[in-house]
Amino acid sequence: MTMQIADSVSLPAPDAKARAHAAAARDNLRTEPRAVRVVIIALAMIFLTVFVVLPLALVFAQAFSKGILAYFAALAEAEALSAIKLTLLVAAISVGLNLVFGLVAAWAIAKFEFRGKTFLITLIDLPFSVSPVISGLVFVLLFGAQGYFGSWLRDHDIQILFAVPGIALATTFVTFPFVARALIPLMQEQGTQEEEAAISLGASGLQTFFRVTLPNIKWGVLYGVLLCNARAMGEFGAVSVVSGHIRGDTNTMPLLVEILYNEYQFVAAFAIASLLAMLALITLIAKTVLENHLDEGHDASDH
């Protein structure tokens, strides 16, 4: 009897107005007053305009200040073409090496437990905390004329510094965290269940990697390669130390921009700088697209 009475008595459900009032109260707790929001958004927009949009606009304005013919004439100079080719070559070398290293390092850190794992992660982060100029000086101490390997290299007529190998080594060192750092959290989140299932079904290690692991991390790989390539093409400090600034031979695009600007060749300097700015804009767009793909992958894995 008591059970029946309890069942027949029901508490009054809150009406729509009460629910709306409660929702509005929660929103008010999470939202600043309108005036504060307007001020914060305005400050953010002003900051971005002054420090990002305006400098980029000035770069392109200066590059085209003498007309489009002068712009393309500056890019067609032998020195500019040499710098562009060298930049692309060094970027291709460093990105290729870092892609292999990043995949191997991320695989080892995310899939295995071993002694020295924390130390390896620390080494991967080292270029983030070391000045690029110091990175370049390290290679000077190793491969310079008075360096550790200097006499041996000289006896065997091998040129590392002030040549493509030295520039590629310095750029690779500065950029090697990007691919690994993009892949490690992604591979750790995915775990090892799919790889273990593939191996239990008789797949070899390479088959497991190319058919299971790589398809799952492809967007992360592209994301890391994109960031690595952008940093490689724009690197200045480490390359400046090891390049020797040999005109038409060891000057990359950032180094050539500095030289042309110091010589008051402003149109040529800003023309080269505009190419780097275009690279930054393309990188930003591609980065946004890849982040959307990565977010979609995370949402799909959660469901």
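Is Phe-209 buried or exposed? In this predicted model, Phe-209 has a relative accessible area of 16%. Buried means under 20%, so Phe-209 is buried.

The ring of Phe-209 takes part in an edge-to-face pair with Trp-107. The two ring centres are 5.7 Å apart, and the planes meet at 65°. An angle over 60 degrees counts as edge-to-face. This pair joins distant parts of the chain. Trp-107 belongs to helix α5 and Phe-209 to helix α12, with their positions 102 residues apart in sequence. Trp-107 is partly exposed, at 22% relative accessible area. Phe-209 also pairs with Phe-210. Here the centres lie 5.1 Å apart and the planes stand at 80°, so this pair is edge-to-face too.

Aromatic contacts recur elsewhere. The structure holds 15 aromatic pairs. One aromatic cluster is formed by Phe-101, Phe-139, Phe-143, Tyr-148, Phe-149, Phe-173 and Phe-176. Phe-176 also has a C-alpha distance of 9.9 Å to Val-100, although 76 residues separate the two in sequence. Val-100 lies in helix α5. With a relative accessible area of 53%, Val-100 is exposed.

Helix α12 is not straight. The helix covers residues 205-234, 30 residues in total. Its end C-alpha atoms are only 37 Å apart. A straight helix at 1.5 Å a residue would reach 44 Å. A kink of about 60° is found at Leu-214. The proline Pro-215 follows shortly after this kink.

Nonpolar packing was examined next. In soluble globular proteins, nonpolar side chains tend to be buried together. The largest nonpolar core in the model has 24 residues. Leu-103, Ile-124, Leu-183, Ile-184, Met-187 and Ile-217 have the most contacts inside this core. Helices α5, α10 (177-190) and α12 are the elements that each give two or more residues to the core. The largest share, 8 residues, comes from α10. A second, separate core has 17 residues, among them Tyr-71, Leu-260, Ala-269 and Ala-271.

Met-187 has contacts on several sides of the sequence. Residues up to four places away are not counted here. Met-187 touches Ala-106, Trp-107, Ala-110 and Lys-111, as well as Thr-213 and Ile-217. Trp-107 is thus in contact with Met-187 and paired with Phe-209.

Lys-111 is a charged neighbour of this region. The residue lies in helix α5, which spans residues 78-111. At 14% relative accessibility, Lys-111 counts as buried. What joins the side chains of Lys-111 and Glu-195? A polar contact of 3.3 Å joins them. Leaving out residues up to four places away in sequence, Lys-111 touches Met-187, Gly-191, Thr-192 and Glu-195. Ala-106 is also on this list.

Thr-175 was considered last. Thr-175 lies in helix α9, residues 164-175. With a relative accessible area of 0%, Thr-175 is buried. Neighbours within four places in sequence are again set aside. Thr-175 is then in contact with Ser-94, Asn-98, Cys-228, Arg-231 and Ala-232.

Definitions and conventions. Residues numbered from 1 in each chain as written. Predicted model: local features only at pLDDT ≥ 70, side-chain atom pairs only at ≥ 80, totals over all residues. Heavy atoms only, no water. Helix = DSSP H or I, 4+ residues; strand = E, 2+ residues; numbered from the N terminus. Expected span 1.5 Å × (residues − 1). Bend = angle between axes of the 7 residues up to and from the residue. Buried < 20%, exposed > 50% of the residue type's maximum accessible area, 1.4 Å probe, protein only. Polar contact = N/O pair within 3.5 Å; in protein donor to acceptor, adjacent residues only side chain to side chain. Contact = heavy atoms within 4.5 Å. Core = buried A, V, L, I, M, F, W, Y, C linked by side-chain atoms within 4.5 Å. Phe/Tyr/Trp six-rings, centres within 6.5 Å; stacked < 30°, edge-to-face > 60°.
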